[in-house]
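Work through the exercises below with the model open beside you. Each task is followed by a stepwise solution.

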Amino acid sequence: MIDPLARLVGELSRLPGIGPKTATRLAHHVLKAPIGEARALAEALIEVKEKLFHCSTCYSITAVDPCRYCRDPERNRKLLCVVEEPFNIEPLERTREFKGYYHVLMGALSPQRGIGPDQITLGPLLERLEGVEEVILATNPNVEGEATALFLARLLKARGLRTTRLAFGMPVGGDIEYTDEVTLGRSLAGRQEI
Amino acid sequence: MEAIYVLATTRSFRTAQLADCRRHGKDGFWLTGEIAAPRRASLQLSWSRGGRKRGVNGKATSLAEHLAVLPVVVWTAADADLWTGAPALRRRQMDRGALGLRTSALESISRYRQALGQKRQLLQQRVSKERLVAWNGVLAAAAATVIAARADYVQRLRVTLAAALETSGLNLPPIDLEYRPSPSVDTQDSSQLVGAIEEEMARAGTQELRRRLVLLGPHRDDLVVQWQGRPLRKVASAGERKALGMLTAAAHGQVLKGSGSSPIYLLDDADAELAKPTLKAVWRAFDGISQLFASSNRPEVWEGLNLDRRWLLSDGKLSPR
Ligand SMILES: [Zn+2]
């Protein structure tokens, strides 16, 4: 049998940003904590996997389908904002600048990681363009995100859509995830046609 | 000298692996340096199996900020072939120059490398020409900045190298530096640069897909030196080429100085196997610079040169001479 502590350290160190040192520290923290706390953590882990899934329309994370963004009738049908990951939506929401709908690509083009147009949610995106006038390409300002935006812009413009890109005053090569809401709000307001 | 270089640039001029820089039998190393002028600052760099850690004044900073603190001009035996060796040497020289002028060039250089790696991978798959377009767009944007920065550097180097040649008094014919960007575009017209590069890349698409190679872009740039219209590699003697290599280091330093930085010079194996009178002439081009460290295993070559201090390295120990 594998040593339970080694197993926990092993599982924790599979998480992004957690190295063996941090994993060991976390595991010892759990070991010292009351059983109730450890159980709550274990249950929370199971619960997100059992109760949450991707919205069948926009691919954001949700407990009900369609998600709260897709169900919201107050939003502007003509505006669609494309992001790479579900967690990119929240920072954009916080800016209160954007009142349209979202589409999560579930990644960005990266030949080196084997991610092509078929590995992102491109097909579903192309199927939900009816009534849309402008697509905001809010992929990350790194090399993969830029290439993805340029790739989508060509496809969408051929269908007569206006395509825009955030006016990144945000650090180039950075992530939407790490950009503060004021900066992000400004980049949304100052978005430019590509 | 390697320690200063590693501290200043976070890389070694001798090896690609910082692991090779640690003392025998040790797990890592730690470097720190105090810079007195033009601005007071301290630099830190450590390496262990966990990776390298940078610091400026004890705080973590971006690589570009780190590089700006202590500009260095380095010359090693490997640079002796600068003008006649592989083009990669000259591209490295141009990037050192571009970074020396503006550390922000680092951003474009690394973006270009990343996009290039992605396009190379894409060409290995059987894709349509359409699929290259987006990557060409990213590549062209980064390439335009890299090409403009290299062109700017070469223009300045042309002037300072001519001056260094003249100062040396060496009896060499006037040289001509020509930057050959890939694709071949007009570097003066900066507003059209991205579009022009992208257009050329699109034109090369079919060929690239067939050969599965990225045929255009600054990774194929070259810098050509000619003597009276003839390529240097055909007309210059080995000694002349080496002398010119060291003069280039001096000229490179003058370019950086001209843009307001005061670099520190590191010349490893600095005699370059040159005859004493030639070395003395080359040395004149280094006159009046702020700080220079040089090493040689032919101590007699230093005689007659204007030096502040000399040390002898023997059995791993430095002793003043
Ligand atoms: Zn949804």
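**Exercise 1: a crossover in chain A**

In chain A, β3(A), helix α5 (residues 89-94) and β4(A) form a right-handed β-α-β unit. Right-handed means that, with the strands pointing away from the viewer, the path from the first strand over the helix to the second runs clockwise. Helices (H or I, at least four residues) and strands (E, at least two) are DSSP runs, numbered from the N terminus. The model is predicted: local features need pLDDT of at least 70, side-chain atom pairs count only at pLDDT 80 or more, and totals for chains, interfaces and linings use all residues. Residues are numbered from 1 along each chain as its sequence is written, while chains are lettered from A and ligands numbered from 1 in the order in which they are written.

Task: in which sense do β3(A) and β4(A) pair, and over how many bridges?

Solution.
- Step 1. Locate strand β3 of chain A at residues 79-83 and strand β4 of chain A at residues 101-104.
- Step 2. Their pairing is parallel, over four bridges. Two strands pair if DSSP finds at least two bridges between them.
- Step 3. Check one position: A:C81 is opposite A:Y102 of β4(A).

**Exercise 2: a sheet in chain B**

Task: give the strand order of the open sheet in chain B, and say which are its edge strands.

Solution.
- Step 1. The order of the three strands is β5-β6-β7 (chain B), and the pairing is antiparallel.
- Step 2. β5 (175-180) and β7 (230-231) of chain B are the edge strands, since each pairs on one side only.
- Step 3. Between β5(B) and strand β6 (residues 222-227) of chain B there are six bridges, in the antiparallel sense. B:E178 has B:V224 of β6(B) as its bridge partner.
- Step 4. Add the helix: α5(B) lies across β5 and β6 of chain B, at about 170° to β5(B).

**Exercise 3: helices packing on α5(B)**

Task: classify how α6(B), α3(B) and α7(A) are each oriented to α5(B).

Axes are lines fitted to C-alpha atoms, for helices over the stretch in contact, and angles run from 0 to 180 degrees between N-to-C directions. Angles under 35 degrees count as roughly parallel, over 145 as roughly antiparallel, 65 to 115 as roughly perpendicular and the rest as oblique. Residues are in contact if their C-beta atoms, placed from the backbone, lie within 7 Å.

Solution.
- Step 1. Helix α5 (residues 130-168) and helix α6 (residues 193-211), both of chain B, pack at about 135° with axes 8 Å apart. α5(B) is therefore oblique to α6(B). Their crossing is right-handed (the near helix is turned clockwise from the far one by less than a right angle). The contact residues include B:A144 and B:I147 of α5(B), and B:I197 and B:M201 of α6(B). By class, the contact has 13 nonpolar, three polar and one charged residues. Ala, Val, Leu, Ile, Met, Phe, Trp, Tyr, Cys and Pro count as nonpolar, Asp, Glu, Lys and Arg as charged, and the others, Gly among them, as polar.
- Step 2. Helix α3 (residues 87-101) of chain B crosses α5(B) at roughly 95°, and the axes come within 8 Å. So α3(B) is roughly perpendicular to α5(B). Among the residues that meet are B:M94 and B:L101 in α3(B), and B:Y153 and B:L157 in α5(B). The contact of α3(B) with α5(B) has seven nonpolar, one polar and two charged residues.
- Step 3. Now cross the chains. Helix α7 (residues 143-158) of chain A packs on α5(B) at about 130°, axes 8 Å apart. α7(A) and α5(B) are therefore oblique to each other. This crossing is right-handed. Among the residues in contact are A:L150 and A:F151 of α7(A), and B:W135 and B:V138 of α5(B).

**Exercise 4: unusual backbone**

Task: where do the cis prolines A:P66 and B:P183 lie?

Solution.
- Step 1. A cis peptide bond links A:D65 to A:P66, with omega about -5°. A:P66 is in the loop between β2 (61-62) and α4 (68-71) of chain A.
- Step 2. The bond from B:S182 to B:P183 is also cis, omega near -5°. B:P183 sits in the loop between β5 and α6 of chain B.
- Step 3. For phi, turn to B:R212: a positive value near 55°, in a residue other than glycine. B:R212 is in the loop between α6 and β6 of chain B.
- Step 4. For context, most residues other than glycine have a negative phi, and most peptide bonds are trans.

Key: Contact = placed C-beta atoms within 7 Å.
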